[in-house]
Amino acid sequence: MDSFQFKWLSATIVALSILAAFSACSGPSMPKPRGYFRIDFPEKTYKPFDSVFPYRFMYPNYGSIEPDQSAISEKYWINIHFPKHKARIHLSYKDARGRLDSLIEDTYKLTYKHVQKADAINERFFSNDSARVFGILYQVKGNAASSWQFYVTDSSRHFLRGALYFSATPNKDSLAPAIDFFGQDLIYLMETVRWER
């Protein structure tokens, strides 16, 4: 290749590069949507929580049950931990005799504290007459600290409250798959609650 051919080839490549650069920038610039990491979830399988507690239920095989260690913890309070996903379902039990109305009111207040960050709060009534388990499931939509909450009672003695939490800054977009996945586990847990005494 002589010097003339080399100069001609070089000039052609430069001209085509400039033309490509100008034609690529001709449209309006569009910001790219924020991307999030893909989250791999385990297969849904459940096992029973049978113990000396006054309640029992089914919970996911991929969760581990630990006593609640918070400063306000009471007897029969537990957490179901999902460490890989930084999630937990907190369960708090109370003897409802003589104070059922105040326990329901407290649950309502705790749920509606999220109203400032919530886009909506949906309530769904739950009733299993044969097992004497009645309650309400709350779905808190938006950037709230707890997206799923519930309480169940036998209307006389037992009262169990549950809530799903993540050890992460609330972000409905990035947490949406995990909220849906563990929300299904919380709902199944609530539906399988049975009283022991």
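From the N terminus on, the elements of this protein chain run α-β-β-β-β-β-α-β-β-β-β-α-β. That order comes from a predicted model, and so does the rest of what I will say. In total there are three helices and 10 strands.

A few overall values. The chain has 197 residues, and buried residues make up 38% of them. The accessible surface is about 12300 Å², with 56% of that belonging to carbon and sulfur atoms. Now take the contacts with a separation of 6 or more: 49% of them are between residues 24 or more positions apart.

Let us start with the beginning of the strand series. Strand β1 covers residues 46-49 and strand β2 covers residues 55-60. The two pair in the antiparallel sense, over four bridges. Together they form a hairpin, with five residues between them. If you want a position to look for on the screen, find Lys47, which stands opposite Tyr59 in β2.

Next, the interior. In soluble globular proteins, nonpolar side chains tend to be buried together. Here the largest nonpolar core has 34 residues. Which of its members touch the most other members? They are Tyr55, Phe57, Leu91 and Val152. Several elements each supply at least two residues of this core: β2, β4 (78-82), β5 (87-95), β7 (133-142), β8 (148-153), β9 (158-166) and α3 (172-191). Of these, α3 gives the most, with nine residues.

Phe57 is worth following by itself. Leaving aside neighbours within four places in sequence, its contacts include Lys47, Pro48 and Phe49. The same list holds Ile65, Ile78, Ile80 and Leu91, and it ends with Leu189, Thr192 and Val193. There is also a second, separate core, this one of 11 residues. Among them are Ile121, Ala144, Tyr151 and Phe159.

Ala144 is found in the loop between β7 and β8. Is Ala144 buried or exposed? At 6% relative accessibility, Ala144 counts as buried, because the cut-off for buried is under 20%. Ala144 and Gln116 are 28 residues apart in sequence, and their C-alpha atoms are 8.4 Å apart in space.

Now helix α2, residues 100-112. We can check its length. At 1.5 Å a residue, the 13 residues of α2 should span 18 Å, and the end C-alpha atoms are 18 Å apart, so the two agree. The buried residues of α2 are Leu100, Leu103, Thr107 and Thr111. Where do they sit around the helix? Seen down the axis of α2, the buried residues fall within an arc of 70°, so they line one face of the helix. The general rule behind this is that an α-helix has 3.6 residues a turn, so residues three or four places apart point the same way. As for what they meet, the buried residues of α2 pack against β5, β6 (118-128), β7, β8 and β9.

One of those four, Thr111, has a relative accessible area of 0%, so Thr111 is buried. What does Thr111 contact, leaving aside its neighbours within four places in sequence? The contacts are Ile121, Tyr138, Val140, Gln149 and Arg161.

Last, three residues in loops. His85 is found in the loop between β4 and β5. At 16% relative accessibility, His85 counts as buried. Not counting residues up to four places away in sequence, His85 touches Ile39, Asp40, Phe41, Pro42, Phe166 and Phe182.

Lys86 has its place in the loop between β4 and β5 as well. Lys86 is exposed, with a relative accessible area of 54%, whereas His85 is buried. Lys86 also has a positive phi of about 55°, although it is not a glycine.

The third is Ser155, in the loop between β8 and β9. Its phi is near 75°, again a positive value in a residue other than glycine. At 41% relative accessibility, Ser155 counts as partly exposed.

To go back over the main items: β1 and β2 form a hairpin, the largest nonpolar core has 34 residues, and the buried residues of α2 line one face of that helix.

Terms used: Residues numbered from 1 in each chain as written. Predicted model: local features only at pLDDT ≥ 70, side-chain atom pairs only at ≥ 80, totals over all residues. Heavy atoms only, no water. Buried < 20%, exposed > 50% of the residue type's maximum accessible area, 1.4 Å probe, protein only. Contact = heavy atoms within 4.5 Å. Areas by Shrake-Rupley, 256 points an atom, 1.4 Å probe, with all protein chains shown as cover. Pairing = 2+ DSSP bridges. Core = buried A, V, L, I, M, F, W, Y, C linked by side-chain atoms within 4.5 Å. Expected span 1.5 Å × (residues − 1). Arc of directions from axis to C-beta.
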